[in-house]
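Here is a short set of exercises to work through at your own pace. Have a look at the model first, then try each task before reading its solution.

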Amino acid sequence: MKRIYVVTEGQSETNFVNKVLSPFFLTLNKILIPTTVLTKADENKGKMYKGGLLNYAKAKNTIEKDLAYIKDENVFVTTMFDLYALPKDTPGKNEADKVLDPYQQVSCIENAMIASEKLSKPVYHPYIQLHEFEALLFSDLNLLAEQYFEYDIQPLRDCLCKKRNPELINDGVNTAPSKRIINCIPNYDKATDGVSVLEKIGINNLCQSCKHFSEWIDWMKSL
């Protein structure tokens, strides 16, 4: 059975892997194992702090710990990081910032991340989410509306109508997907309710709406 380690930037992505991706891929004889980026270790108190992609150096440590498992031919490693607010020290980020097309931007970064590990075989396939985890929720706003029925989400519908593609929603620090959702739903909870809605939307519907996400899913299917 194939094992795929998914390095995530936070608890929401980890929950998404556990509750949405893992059940789907288990039917395909693939086990997904999320590992949240370790951001701080307090040796005096014996505590480990995870989540929050403050800089790529922290992420690299977690990635390379997972890459150590690839001695087994059935092991693969990927990531789930947002393009929005991606640390400046991420490989390929400076070059990507000069590119206008978002899909070319993430391709530039993903390829640079692979090159930085100097791997001789395709066992590492980084995934950069366009542009943010919450963009996936725009794949079916009706289900988000059901979860938060007491709120008016018409501005989200208007945004999707204008952009037409959830992966292209990212106008800035005040209008990125999560900011748009919080503006409409102040009580929005990313790690629980957000993941619950995505669970209802389902992998197939997410793939139909989000091209780059679909390509990532296809890669994992192909292993």
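The exercises below each come with a worked solution.

This is a predicted model, in which local features need pLDDT of at least 70, side-chain atom pairs count only at pLDDT 80 or more, and totals for chains, interfaces and linings use all residues. Residues are numbered from 1 along each chain as its sequence is written, and side-chain values use heavy atoms, with hydrogens and water left out.

**Exercise 1. Place Leu143 in the model and decide whether Leu143 is buried or exposed.**

Step 1: Leu143 belongs to helix 5, residues 141–147. Helices (H or I, at least four residues) and strands (E, at least two) are DSSP runs, numbered from the N terminus.

Step 2: Its relative accessible area is 15%. Buried means under 20%, exposed over 50% and partly exposed in between, with a 1.4 Å probe and protein chains only, so Leu143 is buried.

Step 3: Now look for partners, where contact means heavy atoms within 4.5 Å. Not counting residues up to four places away in sequence, Leu143 touches Val197, Lys200 and Ile201.

Step 4: For a distance check, take Phe76, 67 residues from Leu143 along the chain; the two C-alpha atoms are separated by 33 Å.

**Exercise 2. Find which residues are joined by a cis peptide bond.**

Step 1: The bond joins Leu130 and His131, with omega about -25°.

Step 2: His131 sits in the loop between strand 7 (128–129) and helix 5.

**Exercise 3. Examine the positive phi values of Asn29 and Ala85.**

Step 1: Asn29, although not a glycine, has a phi of about 60°. Its place is the loop between helix 1 (11–26) and strand 2 (30–36).

Step 2: Ala85 is not a glycine either, and its phi is about 65°. This residue is in the loop between strand 5 (75–82) and helix 3 (93–96).

Step 3: Turn to accessibility. Asn29 counts as partly exposed because its relative accessibility is 49%, while Ala85 counts as exposed because its value is 61%.

**Exercise 4. Which residues touch the most other members of the largest nonpolar core?**

Step 1: A nonpolar core is a set of buried Ala, Val, Leu, Ile, Met, Phe, Trp, Tyr and Cys residues joined through side-chain atoms within 4.5 Å.

Step 2: Of the 65 residues in the largest such core, the answer is Phe16, Leu21, Phe81, Phe213, Trp216 and Ile217.

Step 3: Follow Leu21 outward. Leaving aside neighbours within four places in sequence, Leu21 is in contact with Phe16, Leu32, Ile203, Phe213, Trp216 and Ile217.
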